[in-house]
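Visitor: I am new to this structure. Would you please guide me closely through one part of it and then place that part beside others?

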Amino acid sequence: MLRVRCLRGGSRGAEAAHLIGAMVGRAVSGWVSRAFRSTSSSAAAQLPLTVDEPVTEHAPEECPVCAYNEWDPLEEVIVGRAENACVPPFTVEVKANTYEKYWPFYQQYGGQTFPKDHVKKAVAEIEEMCNILQHEGVTVRRPEPIDWSLEYKTPDFSSTGMYAAMPRDILIVVGNEVIEAPMAWRARFFEYRAYRPLIKEYFRRGAKWTTAPKPTMSDELYDQDYPIRTVEDRHKLAAQGKFVTTEFEPCFDAADFIRAGTDIFVQRSQVTNYMGIEWMRRHLAPTYKIHIISFKDPNPMHIDATFNIIGPGLVLSNPDRPCRQIEMFKKAGWTVVTPPTPLIPDNHPLWMSSKWLSMNVLMLDEKRVMVDANEATIQKMFESLGIKTIKVSIRHANSLGGGFHCWTTDVRRRGTLQSYFL
């Protein structure tokens with residue numbers, strides 16, 4: 001049996017590990033428009049070893065990190081924090097990802113904290129969500145609280161921060177590996193710092209840890225003249241494959257990927273470029289296959305309120321953003337479910353997302369789902385599928401840009417790697 005060595009460094013400032021292994025046969029196919037060619041690669045790394053405690057052996061099933069899909073029984077999860085959340089500065093990449101009705105809000109409050117009363121209510125909602133998850137038998141972990149209002153400067157830009165509310169955006173677990181995403185917003189450049197204590201803990205206990213190439217986020221990464229005027233403009237540009245992010249360097253938000261065993265689906269979006277997708281394809285090959293899918297979406301950003309896989313061969317597909325490749329799922333024998341129209345009122349602020357957060361649910365296992373307590377129609381839909389609904393209200397937390405799937409990253413699900421897609 002393959003065994004993973006877990007090393008513990010006991011001296012302050014001298015944590016190190018000896019990584020043994022090789023990534024072999026990373027042969028990959030060409031990708032969209034044959035813009036880049038894939039190559040096979042292998043790598044091995046060795047770091048100096050400083051160990052004050054005996055080296056211990058851990059079988060793979062004992063690794064604290066392991067998840068292959070979105071629905072195996074959930075055992076441990078990271079839940080984000082609303083504390084200290086700040087409105088990102090109104091830069092070109094933020095403008096391209098937000099609705100015009102909220103532009104005055106960003107112009108007025110960019111770089112400042114979100115409305116304090118609203119954030120206070122969001123914090124209380126997420127605390128209750130954590131309590132319910134624990135009641136359902138799930139271990140809950142949280143990122144560190146950080147002051148996101150501080151301004152920082154790199155050789156290429158300056159910005160204030162945003163938050164650590166949406167771990168789904170920055171972290172993806174594939175097997176026993178935690179991957180940090182090279183996100184595209186300048187306001188999120190240092191967001192990884194809130195999660196580093198957790199990730200270091202997982203690493204010491206045997207998990208793999210990979211950080212994708214950190215983008216410089218220089219002006220070349222963004223189309224500074226991205227022509228946003230109307231929703232029709234956005235539809236036309238997206239259909240043409242034109243987005244605010246360029247192919248200057250790899251970037252992606254982890255939330256643009258969704259897992260189904262050996263098959264992982266991704267969309268090219270305002271925050272995920274083809275170069276970032278190709279990096280993931282090469283990194284995860286040959287064990288995992290990356291499939292690019294697209295939608296009739298004027299503002300693609302994060303796949304899980306558009307196409308949310310909730311079980312083996314079972315997917316929620318947004319009727320307002322139809323999938324252009326939906327027939328290949330039907331031919332593979334998948335069941336495609338159309339969720340009902342969301343019930344969230346028009347006057348509720350959704351500064352960073354759409355009403356379709358109603359389908360942004362978290363599966364606790366194949367027969368339990370965490371769903372918005374205010375969305376009675378989608379609750380009935382799940383019950384008709386034989387899935388028990390765990391009802392939680394996070395309406396104020398929704399305003400910060402995410403539903404249950406966004407507010408979480410599943411660290412460990414009890415299951416094995418399988419293929420669900422032909």
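Guide: Contact, or touching, means heavy atoms within 4.5 Å. This is a predicted model, in which local features need pLDDT of at least 70 and side-chain atom pairs count only at pLDDT 80 or more, while totals for chains, interfaces and linings use all residues. Residues are numbered from 1 along each chain as its sequence is written, and side-chain values use heavy atoms, with hydrogens and water left out.

The close look begins at Gly110, in the loop between helix H2 (103-109) and helix H3 (116-135); helices (H or I, at least four residues) and strands (E, at least two) are DSSP runs numbered from the N terminus. Leaving aside residues up to four places away in sequence, Gly110 touches Val87, Pro88, Pro89 and Phe105. From Gly110 to Met162 the C-alpha separation is 9.7 Å, although their positions lie 52 residues apart in sequence. With 30% relative accessibility, Gly110 counts as partly exposed, a class lying between buried (under 20% relative accessible area) and exposed (over 50%), with a 1.4 Å probe and protein chains only.

Strand E19 (residues 408-413) may be set beside this loop: six of its six residues are buried, so the strand is largely enclosed by the rest of the structure. Strand E3 (residues 74-79) pairs with E19 in the antiparallel sense over five bridges; pairing requires that DSSP find at least two bridges between two strands. Within this pairing, Ile78 has Thr409 of E19 as its bridge partner.
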